[in-house]
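User: I'm new to this and would love a close look at the salt bridges. Can you walk me through them and tell me where the partners sit?

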Amino acid sequence: MADQDLRELLTEFKNMAESEHHSFLTTIVNNQSHGNTIFGALILFEDRPKPSDLLQPLCDLLFTIYRNNEIEFRQFSLQYLPNLAYLYLQNYSDRSSYHCIETLLIAIHNIEVGEDSGKNKSFKVPSLSTSSIYHDSSLINESRIFAVPDAGLERGLSCLNVSKPVPQQVTNINAQNRNKIMSHLFGVYTSLLGEFSKPSFDWSCKVCSRMVTRGFNFGKKTHSRNRSYGSDSGLRSPRTSVIRIPLCSTVFLEMLHLAYFSIFNGYGSVGSQLVRDIEFRGRHDSLASVLLVSRSVAQIATRATGTVEAPHISTPIQLTKNMITNASFRTKKLEGDIPRVETDDDVANGERMGVISEEAENEVEKSNKNKENEATVDGVDKVNIADKIKAKMENVRDNVRIPTRKKEKDKERGISESSDKEERNKNAEKKEKKSRERQRSEAKNSFMAEHDLSSDEYIRMNNLPSETLAIHSPESGNTSIF
C-alpha cells in the first residue's frame with residue numbers, strides 16, 4: 001500500500017542526521033517511484049473522517065524540499081499543489097484538523113508572491129494571422145485578415161508588457177481570500193507544466209476532475225429515498241450529502257491550461273475528460289469565459305494523435321486484384337442480359353457488313369485490269385461476256401463477307417428462345433437476298449457502262465431469268481445456259 005511505503009520513507013527521513021538530509025532528498029526527487037508513492041498516499045487521505053497521522057510529517061517533508069535552493073527541488077514540491085488543494089477544500093468545514101495543509105499552502109503562496117513582486121509579465125498580442133485555440137489561420141483568406149482593423153501580421157509578432165497588481169501576502173485562508181489564493185497557486189502550478197514529470201499529469205488531471213464534479217451525481221439515481229432513522233438501535237443514521245466545492249472562473253481556466261497541455265503530451269484521455277467536466281461546471285455556474293475556452297480546447301483536442309499513421313503502400317497482390325484487364329470483361333451472355341435487336345436502319349448503315357480488306361480489293365482490281373489488257377487486241381474483245389460476268393460475281397462473293405454475326409453470337413451466348421432464333425434467321429435470309437440482288441445490279445450496271453447495249457449477246461443475256469447460270473467451255477467453244 002502507498003501509505004505503508006510513505007510511512008517507511010518518512011521514518012527513514014526522521015531518523016537521519018541533518019547532514020544526510022540533502023543526499024536523501026536528492027534521492028527522493030530523482031526517483032519517480034517515491035513521487036508516485038506520495039501521489040497515491042494523498043489520494044488515500046481523501047474522503048476520510050479524520051486526517052491521517054502521516055499528513056503532518058508529509059507536509060513538513062514537502063516544505064523542506066521546496067525551501068531548497070535548487071530549482072528541481074522546488075518543482076518537485078509544486079507538482080502536488082492540485083492534490084493538496086483538493087484535500088484542503090473538501091475538508092474546509094473541518095480545516096482546523098487540516099491546519100498543516102493550510103500552513104503549507106499559505107507558505108508557498110507568500111513565497112511566490114514575494115518573488116513575483118516588481119516583475120512585469122509580457123504576452124503576445126493576438127492576431128487573426130496566427131492560429132490559436134479559437135481559430136485556424138490557414139482557413140481564413142488574407143483579404144479577411146487585413147480587412148479587420150489592427151489585425152495585420154505585425155500585430156501578431158509584437159509583444160506587450162503588462163503589470164498586474166501583486167497579490168497580498170496572507171496569514172490565513174478564509175471565505176473572502178480563498179478564491180484569490182487558489183487562483184494564484186494554480187497559476188504558479190500551470191506556469192511550470194513543462195518542468196514537471198509526465199506521469200504527474202495523469203494524477204493532476206484526475207484530482208482536478210474530482211474537484212470539479214464533487215457533489216454532482218453522474219450516472220446515479222438521485223430519487224432514491226433515504227432510510228428512516230430514530231431512537232431504535234437497529235436503524236442507521238442518514239448518509240451525509242457530499243458538499244460541492246465552490247471555485248471561481250480563474251481556477252477553471254488554469255485547469256483548462258493543464259488539460260490542454262496533457263492532451264498534447266500523451267495523456268489525451270484524462271485531459272479530454274477534464275475538459276468535459278469543466279465545460280459541465282461552466283454551464284452549471286453560468287461562466288461565459290469558461291464555456292468559451294473549454295469548447296475551443298475540446299474542438300482542437302480532436303487533432304491530437306499520439307501515433308503517426310504510416311502511408312498505405314499497395315502490395316503486388318493488391319494491385320493485381322484491383323487491375324482491370326481484358327479478362328475482367330465477360331465474353332458470354334448470361335440469361336439475365338437483354339439481347340440487342342438489330343433494325344433495318346443498322347443494316348442500311350452497313351453495321352452488319354463485314355470488314356473488306358483494302359489490300360485484297362486492290363489486288364483484285366489489278367488482276368482484272370491485267371486480264372482486260374491481255375484479252376483486248378486491236379480493240380477486239382476476245383473474252384466472252386459471260387466469262388466477265390462470272391469472274392466479277394466470283395470476286396464479289398470471295399471478297400465481300402456476308403456476316404452471320406448475329407447467328408454466331410446467339411450460338412455462343414446460348415439463347416434458349418427458339419422463336420427469336422427463327423425470326424432472326426428469316427430476317428437474315430431476307431437481308432442476304434437483298435444484298436445479292438444489289439450486287440448483281442451493280443455488276444450489270446458496270447458491264448453496261450463498259451459495253452455496247454445494242455449488241456445481240458447483251459440483249460440475250462439481259463433476257464435471262466434471275467436464277468439463270470451461264471457456263472462457257474473454252475475447248476468446245478460452246479456456252480450452256482441453265
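Analyst: Let's begin with Arg295, which counts as partly exposed at 45% relative accessibility. (Here buried means under 20% relative accessible area, exposed means over 50%, and partly exposed is in between, using a 1.4 Å probe and protein chains only.) Keep in mind that this is a predicted model, where local features need pLDDT of at least 70 and side-chain atom pairs count only at pLDDT 80 or more, while totals for chains, interfaces and linings use all residues. Residues are numbered from 1 along each chain as its sequence is written, and side-chain values use heavy atoms, with hydrogens and water left out.

So who does Arg295 pair up with? Its side chain meets that of Glu279 in a salt bridge, at 3.2 Å from N to O. This pair links distant parts of the chain, 16 residues apart: Glu279 belongs to helix 13 (residues 268-285) and Arg295 to helix 14 (residues 288-300). (A salt bridge is a side-chain nitrogen of Lys or Arg within 4 Å of a carboxyl oxygen of Asp or Glu, and helices are DSSP runs of H or I with at least four residues, numbered from the N terminus.) Glu279 is buried, with a relative accessible area of 15%. There's a third player too: Glu279, Arg283 and Arg295 are linked in a network of salt bridges.

Searching the whole structure turns up seven salt bridges, so let's visit a couple of others. Glu112 and Arg74 join through their side chains, with 2.7 Å from N to O. Again distant parts of the chain are linked: Glu112 is in helix 7 (residues 99-116) and Arg74 in helix 5 (residues 71-78), 38 residues apart. Glu112 is buried, at just 2% relative accessible area.

Next up is Arg210, which forms a salt bridge with Glu46, their closest N and O atoms being 3.2 Å apart. Because Arg210 lies in helix 11 (residues 199-213) and Glu46 in the loop between helix 3 and helix 4, this pair ties together parts that are 164 residues apart in sequence. Arg210 is partly exposed, at 28% relative accessibility, whereas Glu46 is buried, with a relative accessible area of 9%.

One last stop, away from the salt bridges: Asn83 sits in helix 6 (residues 81-90). Asn83 is buried, at 1% relative accessible area. Setting aside neighbours within four places in sequence, Asn83 is in contact (heavy atoms within 4.5 Å) with Phe39, Leu42, Ile43 and Val207.

How values were computed: Helices (H or I, at least four residues) and strands (E, at least two) are DSSP runs, numbered from the N terminus.
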